[in-house]
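Welcome, and thanks for taking a look. This short report walks through some helix packing and then turns to a pocket.

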Amino acid sequence: MTLNIGFVGLGMMGLPMVENLAGGEERYDILAYDRDPARLERLAGHPAWNRNLRPAAGLAAMADRDIVITMLPDSAITNAVIEGEHGLAGIMRAGSVLLDMGSSNPAETRRLAPRLREAGVTLIDAPVSGAVAKAAAGTLAIMVGAGADELERVRPVLSRMGASLIHTGAAGSAHAMKALNNYVYAAGLLAASEALLIARRMDLDLDVFTDVLNASSGRNVATETKLRQFIVPGTYNGGFALALMAKDLRTADALQALAGVPASQLSLCTALWQRAREALPAGADNTEIHRYLENLSAPAPD
C-alpha cells in the first residue's frame, strides 16, 4: 500500500532528509514543498524525481497526505505553516499525522497537540540531532514525542532518515529534550573554545591538548568532533549555524520558568551565544563561537 507523505521545508537538513526518504524500498508517494522554488530545483536530479517524489505547488496539496513532515527553523515559522491562513491545521484530513521535525518550542508543541487532536490530526514532535553530514547519510538521532502506537505508525518513515529513534514520552517531550541537549552541547563547545584560547596564549601544542582532552575527563562531543576538525585549523565550517544554536539556547532558557528550576549557567551560556550571534556575520557557523571569544580576548591596540 502506498503511503502518501508531504514534506515541508527543504533547507540544509530537510533536503537530504527528503532525499533519503524518497530513496527507500518502501513505496512512498512524496510531495515536497518549500516557499523558495530554488530549493525544489535542487531535488530535480534525484532518481525518484517526478515519479514518487514530486513538487507541491503549495500547502493545499497536503490535503490527501497520510503524514506531513515539517522541517522548519523555529516555532514562529512552524506555527505560521500550521495555523496561518490556509495552514496545515485547516487542510490535513482526520486520521493523518503531522510530524514536526524542527527544533520547535516545546510549550508551543504542547499547545498545538490538543488543538490538532480536535481535528483528528496527531501531532508528533521528532527533532533530530547530527547536523548535515548525518542527515545526508540517513544516520540522524531522532527524538520522538508520541504515544507508543503513534511511534510505531511512523517508525518506518523515521527510520529512513535516522539510525537511532529515541521515544521520549508525550508530545512536546522530544522538543524539550532536544533544546536541553543542545544547551549541554553548547556549554561543552564554549568550555572547549575557552580552554583552547588559554592553551594557545600559553604556547601549548593545540593538537596535543586536543588529544589530552579526548583521552581524559574533559572529553565531549565538541572536543571529539569540532576542535581538530574545524576550530584548530580555523575553517569554522562544522555545518550548524550559530544563529540556530542561539535560538535553541533561548528555547532551553525558557524551560527554566516552565519547570520552575533556576539554571544560572544556562542563562549565562544563552546570553553569551546571543551576543556572538549579534557580533558575527549572518550565516556564521556554530564553531565560530571560538572566533568570537578570540576577538574578545585580543589585546587592545596601542
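Let us start with α7 and helix α13 (residues 289-297), whose axes lie 9 Å apart and pack at an angle of about 45°. Keep in mind as you read that this is a predicted model. An angle of about 45° falls outside the parallel, antiparallel and perpendicular ranges, and α7 and α13 are therefore oblique to each other. Their crossing is right-handed. On the α7 side, the contact uses Leu189, Leu190, Ser193, Glu194, Leu196, Leu197, Arg200 and Arg201, while α13 brings Ile289, His290, Leu293, Glu294 and Ser297. By class, the residues of this contact are six nonpolar, three polar and four charged.

Next comes the meeting of α7 with helix α12 (residues 264-279), where the axes come within 10 Å and cross at roughly 70°. The two helices, α7 and α12, are therefore roughly perpendicular to each other. Here α7 passes α12 in a left-handed crossing. From α7, the residues in contact are Tyr183, Ala186, Ala187, Leu189 and Leu190, and from α12 they are Gln265, Leu266, Cys269, Leu272 and Trp273. What classes of residue make up the contact of α7 with α12? Nine are nonpolar and one is polar, with no charged residues. If you have the model open, look at Leu189 and Leu190 of α7: they take part in the contact with α12 and also in the one with α13.

Helix α12 has a further partner in α11, with the axes 9 Å apart and an angle of about 150°. That makes α11 roughly antiparallel to α12. The crossing of α11 past α12 is left-handed. In α11, the contact draws on Leu242, Ala243, Met245, Ala246, Leu249, Arg250, Ala252, Asp253 and Gln256; in α12 it draws on Leu266, Ser267, Cys269, Thr270, Trp273, Gln274, Ala276 and Arg277. These residues divide into ten nonpolar, four polar and three charged.

Here are the three pairs side by side.

| Helix pair | Axes | Angle |
|---|---|---|
| α7 and α13 | 9 Å apart | about 45° |
| α7 and α12 | within 10 Å | roughly 70° |
| α11 and α12 | 9 Å apart | about 150° |

Now for the pocket. The largest pocket holds about 1400 Å³ of space. Two or more lining residues come from each of α3 (75-83), β7 (128-129), α5 (131-137), α7 (173-201), α9 (221-225) and α11 (242-259). Which residues lie nearest the centre of the largest pocket? They are Met13, Met71, Ala131, Phe240 and Leu244, out of 47 that line it. Sorted by class, the lining has 23 nonpolar, 14 polar and ten charged residues. Helix α7 thus links the two topics of this report: it contributes to the pocket lining and packs with α13 and α12.

Key
Residues numbered from 1 in each chain as written. Predicted model: local features only at pLDDT ≥ 70, side-chain atom pairs only at ≥ 80, totals over all residues. Heavy atoms only, no water. 1 Å grid on protein atoms, 1.4 Å probe; cavity = no way out; pocket = protein on both sides within 12 Å on 5 of 7 lines; lining within 4 Å. Points joined across faces, edges and corners; volume = space filled by probe spheres on them. Helix = DSSP H or I, 4+ residues; strand = E, 2+ residues; numbered from the N terminus. Nonpolar A, V, L, I, M, F, W, Y, C, P; charged D, E, K, R; others polar. Axes fitted to C-alpha atoms, helices over the stretch in contact; angles between N-to-C directions. Parallel < 35°, antiparallel > 145°, perpendicular 65-115°, else oblique. Left-handed = near helix turned anticlockwise from the far one by under 90°. Contact = heavy atoms within 4.5 Å.
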